[in-house]
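Here is a short tour of a protein model, one feature at a time. Keep the picture open while you read, and look for each residue as it comes up.

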Amino acid sequence: NGLTDIQSPVRNRASWILSAWPDNRQSGISREDYPIVVINNATTSTKRFSIIRTENTASVIIDVYSSGDASAENLDTLCDNVYDILRTYKWTSLRNTYGVIELKLVDTANNIFMRGDLKVHVKSMNFQVTFIHVDN
């Protein structure tokens with residue numbers, strides 16, 4: 001909701017927001033395929049703090065890949081948009097539906113690598129979500 005492809009706004013979100021790197025495009029990926037957002041699998045931990053309540057923590061890393069002349073600037077803008085969407089649009093939904101008590105950006109990391117003749121910038125954002133589960 002509200003996340004737009006900076007390089008090609010008409011592109012379908014399902015073609016660039018993914019749960020894993022698109023293996024079918026390993027060799028044929030081109031500049032037009034970027035940006036790519038990969039929402040990795042979450043890792044979770046559980047801590048019981050009463051007889052009927054547990055605190056659950058999930059960490060998820062979102063990788064944002066960009067390539068092109070203004071890819072570093074586009075990458076920062078897109079990452080800011082992802083963060084804003086999670087903090088504004090999704091926060092209320094997560095709190096009301098799942099009992100989320102905290103959503104925070106824990107860490108970020110930047111990297112640059114070559115994929116064929118393309119220079120690719122990637123920014124990884126590590127989010128942590130904490131919620132309380134009450135046993136019935």
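Where does Ile 52 lie? Ile 52 sits in the loop between strand S3 (43–48) and strand S4 (53–67). We will come back to this residue below. Please keep in mind that the model is predicted.

## The overall plan

The chain has one helix and six strands. If you follow the sequence from start to end, the pattern reads β-β-β-β-α-β-β.

Of the 136 residues of the chain, 35% count as buried. The accessible surface comes to about 8200 Å², and 49% of this surface belongs to carbon and sulfur atoms. You can also ask how contacts are spread along the sequence. Among contacts between residues at least 6 apart in sequence, 56% join residues at least 24 apart.

## How the strands pair

Start with strand S1 (residues 17–18) and strand S2 (residues 36–39), which run parallel and are joined by two bridges. Here Leu 18 has Val 38 in S2 as its bridge partner. S2 also pairs with S4, this time in the antiparallel sense, over four bridges. In that pairing, Ile 39 stands opposite Ile 62 in S4.

Now look at S5 and S6, which run antiparallel and are joined by 14 bridges. Within this pairing, Asn 111 has Val 122 in S6 as its bridge partner. The hairpin of S5 and S6 has two residues between the strands, and Gly 116 takes a positive phi there, near 70 degrees.

## A buried residue in strand S2

Val 37 lies in strand S2. Is Val 37 buried or exposed? Its relative accessible area is 2%, and under 20% means buried, so Val 37 counts as buried.

Which residues does Val 37 touch? Not counting residues up to four places away in sequence, Val 37 touches Trp 16, Ile 17, Leu 18, Ile 62, Asp 63, Val 64 and Leu 78. Val 37 and Cys 79 are 42 residues apart in sequence, yet their C-alpha atoms are 9.4 Å apart in space.

## Two aromatic pairs

The structure holds two aromatic pairs. One is made by Tyr 65 and Phe 113, with 6.3 Å from centre to centre and 85 degrees between the planes, an edge-to-face arrangement. This pair links distant parts of the chain, with Tyr 65 in strand S4 and Phe 113 in strand S5 (residues 100–115), 48 residues apart. Tyr 65 counts as buried at 13% relative accessibility, while Phe 113 counts as partly exposed at 25%.

Why is the pair of Tyr 83 and Phe 127 stacked? The ring planes are at 20 degrees, and planes under 30 degrees apart count as stacked, so this pair earns that label. The ring centres are 6.2 Å apart. This pair also links distant parts of the chain: Tyr 83 is in helix H1 (residues 71–98) and Phe 127 is in strand S6, 44 residues apart. Tyr 83 is partly exposed, with a relative accessible area of 31%, whereas Phe 127 is buried, at 2%.

## Two salt bridges

How many salt bridges does the structure hold? It holds two. In one of them, Lys 47 pairs with Glu 55, and the closest N and O atoms are 3.7 Å apart. Glu 55 is partly exposed, with a relative accessible area of 23%.

In the other, Asp 76 pairs with Lys 123, with the closest N and O atoms 3.6 Å apart. This salt bridge links distant parts of the chain, as Asp 76 is in helix H1 and Lys 123 is in strand S6, 47 residues apart. Asp 76 is partly exposed, at 36% relative accessible area. Lys 123 has 14%, which is under 20%, so Lys 123 counts as buried. Leaving aside neighbours within four places in sequence, the contacts of Lys 123 include Ile 62, Val 64, Leu 75, Asp 76, Cys 79 and Thr 108.

## Back to Ile 52

Let us return to the residue we met at the start. Ile 52 is partly exposed, with a relative accessible area of 40%. Together with Ile 51 and Val 134, Ile 52 forms a nonpolar patch on the surface, with about 300 Å² of accessible area in total.

Terms used: Residues numbered from 1 in each chain as written. Predicted model: local features only at pLDDT ≥ 70, side-chain atom pairs only at ≥ 80, totals over all residues. Heavy atoms only, no water. Contact = heavy atoms within 4.5 Å. Patch = residues over 30% accessible without salt bridge, like charges linked within 9 Å, V, L, I, M, F, W, Y side chains within 5 Å. Areas by Shrake-Rupley, 256 points an atom, 1.4 Å probe, with all protein chains shown as cover. Salt bridge = Lys/Arg side-chain N within 4 Å of Asp/Glu carboxyl O. Buried < 20%, exposed > 50% of the residue type's maximum accessible area, 1.4 Å probe, protein only. Phe/Tyr/Trp six-rings, centres within 6.5 Å; stacked < 30°, edge-to-face > 60°. Pairing = 2+ DSSP bridges.
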